[in-house]
Amino acid sequence: MMSGQYWPEGDEVYHAELTVPVLLVHGMHDKFVPVEEDQRMAEILLMAFLKVLEDGSHMVMLECPEAVNTLLHEFFLWEPATLPPPKKEPKTRPETAKTQTDTSISEPTKVRPATAKQT
């Protein structure tokens, strides 16, 4: 550990695929992990939040428990903005599929819910 960290199963490619929010808490006086390492991790992760505590070092959770607990509390309560679902490409039928046309079936009518806002 003192000469660097190497985790073949946890490289940049692996971390770039994580889709969950991640909170990184770094103590500014950490003599084992430079802040640049956590900054690089924050760049790689899709949804990372890097918080640097000026009074902490490598054991920041023991040195600044109230600050870490506040960060954790805010992080757990955070809700990302909801994004619309990705548009799906229309499925095309293979040319070998037969198209059946039934003239007795009409198009479904669009019914607005009673609570819908009238435009």
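Which residues does V68 touch, not counting residues up to four places away in sequence? The legends below take up this question and others, and they describe a predicted model.

**Figure 1. Close-up of V68 in helix α4 of the predicted model.**
Leaving out residues up to four places away in sequence, V68 touches V25, L53, V60 and M61. V68 has a relative accessible area of 9% and therefore counts as buried, since the word is used for residues under 20%. Although V68 and H26 are 42 residues apart in sequence, their C-alpha atoms are 9.9 Å apart in space.

**Figure 2. The largest nonpolar core, to which V68 belongs.**
Seven residues make up this core, namely L23, L53, V60, C64, V68, L71 and F75. Helix α4, which covers residues 65–77, supplies three of them, the largest share. Another member of the core, C64, touches L53, D55 and G56 when residues up to four places away in sequence are not counted. As background for this view, nonpolar side chains in soluble globular proteins tend to be buried together.

**Figure 3. A nonpolar patch on the surface, formed by M59, M61 and L62.**
Together these three residues have about 310 Å² of accessible area. M59 is found in the loop that lies between strand β2, residues 48–53, and helix α3, residues 60–63. With a relative accessibility of 38%, M59 counts as partly exposed, because that term covers values between the 20% limit for buried and the 50% limit for exposed. M61, a second member of the patch, is also among the residues that V68 touches.

**Figure 4. The salt bridge between E12 and R40.**
The closest N and O atoms of E12 and R40 are 3.0 Å apart. This pair links distant parts of the chain, for E12 belongs to helix α1 (residues 12–16) and R40 to helix α2 (residues 35–44), with their positions 28 residues apart in sequence. Is each partner buried, partly exposed or exposed? E12 has a relative accessibility of 43% and so counts as partly exposed, and R40, at 39%, is likewise placed in the partly exposed class.

**Figure 5. The salt bridge between R40 and E43 within helix α2.**
Here the closest N and O atoms are 3.3 Å apart. R40 and E43 are three residues apart in helix α2, so about one helical turn separates them. An α-helix has 3.6 residues a turn, so residues three or four places apart point the same way. E43 counts as exposed because its relative accessibility is 59%. Through salt bridges that share partners, E12, R40 and E43 are joined into one network. The count of salt bridges comes to two.

**Figure 6. H15 in helix α1 and the buried residues of helix α2.**
H15 has a relative accessible area of 15% and is therefore buried. Once neighbours within four places in sequence are left aside, the contacts of H15 are G10, M41, I44 and L45. One of these, I44, is buried in α2, as are V35 and D38. The buried residues of α2 pack against α1, against β1 (22–27) and against β2.

**Figure 7. The whole protein, as a setting for the close-up views.**
The protein has four helices and two strands, and its elements run α-β-α-β-α-α from the N terminus on. Of its 119 residues, 18% count as buried. The protein exposes about 11000 Å², of which carbon and sulfur atoms supply 58%. Among the contacts between residues at least 6 apart in sequence, 67% join residues at least 24 apart.

**Figure 8. Confidence along the predicted chain, given as pLDDT.**
The average pLDDT of the protein is 76, and 61% of the residues score at least 70. Over residues 96–119, however, the pLDDT is below 50, and this stretch has five contacts in the model beyond near neighbours in sequence. Where pLDDT is low, the predicted coordinates should not be read in detail.

Terms used. Residues are numbered from 1 along each chain as its sequence is written. This is a predicted model: local features need pLDDT of at least 70, side-chain atom pairs count only at pLDDT 80 or more; totals for chains, interfaces and linings use all residues. Side-chain values use heavy atoms; hydrogens and water are left out. Patches are made of residues with over 30% relative accessible area and no salt bridge: like charges are joined within 9 Å, nonpolar side chains (Val, Leu, Ile, Met, Phe, Trp, Tyr) within 5 Å. Accessible areas come from the Shrake-Rupley method with a 1.4 Å probe; for residues, only the protein chains shown count as cover. A salt bridge is a side-chain nitrogen of Lys or Arg within 4 Å of a carboxyl oxygen of Asp or Glu. Buried means under 20% relative accessible area, exposed over 50%, partly exposed in between (1.4 Å probe, protein chains only). pLDDT is the predictor's confidence in each residue, from 0 to 100. Contact means heavy atoms within 4.5 Å. A nonpolar core is a set of buried Ala, Val, Leu, Ile, Met, Phe, Trp, Tyr and Cys residues joined through side-chain atoms within 4.5 Å.
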